[in-house]
Amino acid sequence: QVQLVESGGGYVQAGGSLRLSCAASRTIFMINDMAWYRQAPGKQRELVAAITSRGSINYADSVKGRFTISRDNAKSTVYLQMNSLKPEDTAVYYCNLRTRGPWYWGQGTQVTVSS
């Protein structure tokens with residue numbers, strides 16, 4: 001079974017930074033697109049950033065210029081560098097791996113930004 005292991009969440013003041021990591025099995029990681037989603041209490045889960053196996057990237061408008069998604073193929077890991085964090089970024093963040101069949105999800109990691 002595909003397993004995605006997340007780390008890097010935490011509590012920061014507005015304007016601070018966090019870096020999320022998500023590790024997957026190498027064979028699955030190399031040929032599939034990956035993404036980060038987030039979900040705040042009472043709100044719908046939303047796409048934050050996505051990166052293809054080739055390295056093409058897109059971001060939600062709300063995080064453009066502040067967040068950077070990247071992937072390290074040698075480590076089979078995708079990252080989300082989050083700078084200039086705002087209270088509105090507070091949510092549970094989920095790593096997502098997209099295959100032609102099912103999608104797979106990490107366990108979620110809490111990010112809390114205080115004002």
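This report describes the overall build of a predicted protein model and then looks at several of its residues.

## Overall architecture

The secondary structure of this predicted model comes to one helix and 11 strands. Followed along the sequence, the elements come in the order β-β-β-α-β-β-β-β-β-β-β-β, so that the helix stands after three strands and is followed by eight more.

The protein has 115 residues and a radius of gyration of 13 Å, which agrees with the value near 13 Å that a compact globule of this many residues would have. Along the principal axes, the C-alpha atoms fill a box of roughly 40 × 25 × 20 Å. Of the contacts in the protein with a separation of 6 or more, 54% are made by residues that are 24 or more positions apart.

## Surface and charge

Buried residues make up 40% of the 115 residues in the protein. The accessible surface comes to about 6,200 Å², and carbon and sulfur atoms account for 47% of that area.

The protein carries 13 positive and 7 negative charges, and the mean positions of these two groups are 5 Å apart.

## A network of salt bridges

Side chains of opposite charge can pair when their charged atoms come close. In this model the count comes to four salt bridges, and a network of salt bridges links Arg 38, Glu 46, Arg 66 and Asp 89. Arg 38 forms a salt bridge with Glu 46, in which the closest N and O atoms are 2.8 Å apart. The two partners differ in how far they are covered: Arg 38 is buried, with a relative accessible area of 5%, whereas Glu 46 counts as partly exposed at 35% relative accessibility.

Arg 38 also takes part in a salt bridge with Asp 89, where the closest N and O atoms are 3.0 Å apart. This pair links distant parts of the chain, since Arg 38 belongs to strand E4 (residues 33-39) and Asp 89 to the loop between strand E8 (77-82) and strand E9 (91-98), with their positions 51 residues apart in sequence. Asp 89 is buried, with a relative accessible area of 0%. Asp 89 is paired with Arg 66 as well, and here the closest N and O atoms are 2.8 Å apart. Because Arg 66 lies in the loop between strand E6 (57-59) and strand E7 (67-72), while Asp 89 lies in the loop between E8 and E9, the pair ties together parts that are 23 residues apart in sequence. Both Arg 66 and Asp 89 are buried.

## Buried residues and their contacts

Leu 4 is found in the segment before strand E1 (5-7), and with a relative accessible area of 5% this residue is buried. Leu 4 and Asn 96 are 92 residues apart in sequence, yet their C-alpha atoms are 8.1 Å apart in space. Beyond its neighbours within four places in sequence, Leu 4 is in contact with several residues, among them Cys 22, Met 34, Cys 95, Tyr 104 and Gly 106.

Gly 106, one of these partners of Leu 4, has its place in the loop between strand E10 (103-105) and strand E11 (109-114). Gly 106 is buried, with a relative accessible area of 11%. Its C-alpha atom is separated by 7.6 Å from that of Cys 22, although the two residues are 84 residues apart along the chain. When neighbours within four places are left aside, Gly 106 is in contact with Leu 4, Glu 6, Tyr 94 and Cys 95.

Ser 21 lies in strand E3 (residues 18-23) and is buried, with a relative accessible area of 17%. Not counting residues up to four places away in sequence, Ser 21 touches Val 5, Glu 6, Ser 7, Trp 36, Thr 77, Val 78 and Tyr 79.

## Two serines with positive phi

Most residues other than glycine have a negative phi. Ser 76, however, has a positive phi near 50°; this serine is found in the loop between E7 and E8, and at 4% relative accessibility Ser 76 counts as buried.

Ser 84 likewise has a positive phi near 50°, and its place is in the loop between E8 and E9. With a relative accessible area of 42%, Ser 84 is partly exposed.

Definitions and conventions
Residues numbered from 1 in each chain as written. Predicted model: local features only at pLDDT ≥ 70, side-chain atom pairs only at ≥ 80, totals over all residues. Heavy atoms only, no water. Helix = DSSP H or I, 4+ residues; strand = E, 2+ residues; numbered from the N terminus. Rg over C-alpha atoms; globule rule 2.2 N^0.38 Å. Buried < 20%, exposed > 50% of the residue type's maximum accessible area, 1.4 Å probe, protein only. Contact = heavy atoms within 4.5 Å. Areas by Shrake-Rupley, 256 points an atom, 1.4 Å probe, with all protein chains shown as cover. Lys, Arg positive; Asp, Glu negative; His and termini not counted. Charge placed at Lys NZ, Arg CZ, Asp CG, Glu CD. Salt bridge = Lys/Arg side-chain N within 4 Å of Asp/Glu carboxyl O.
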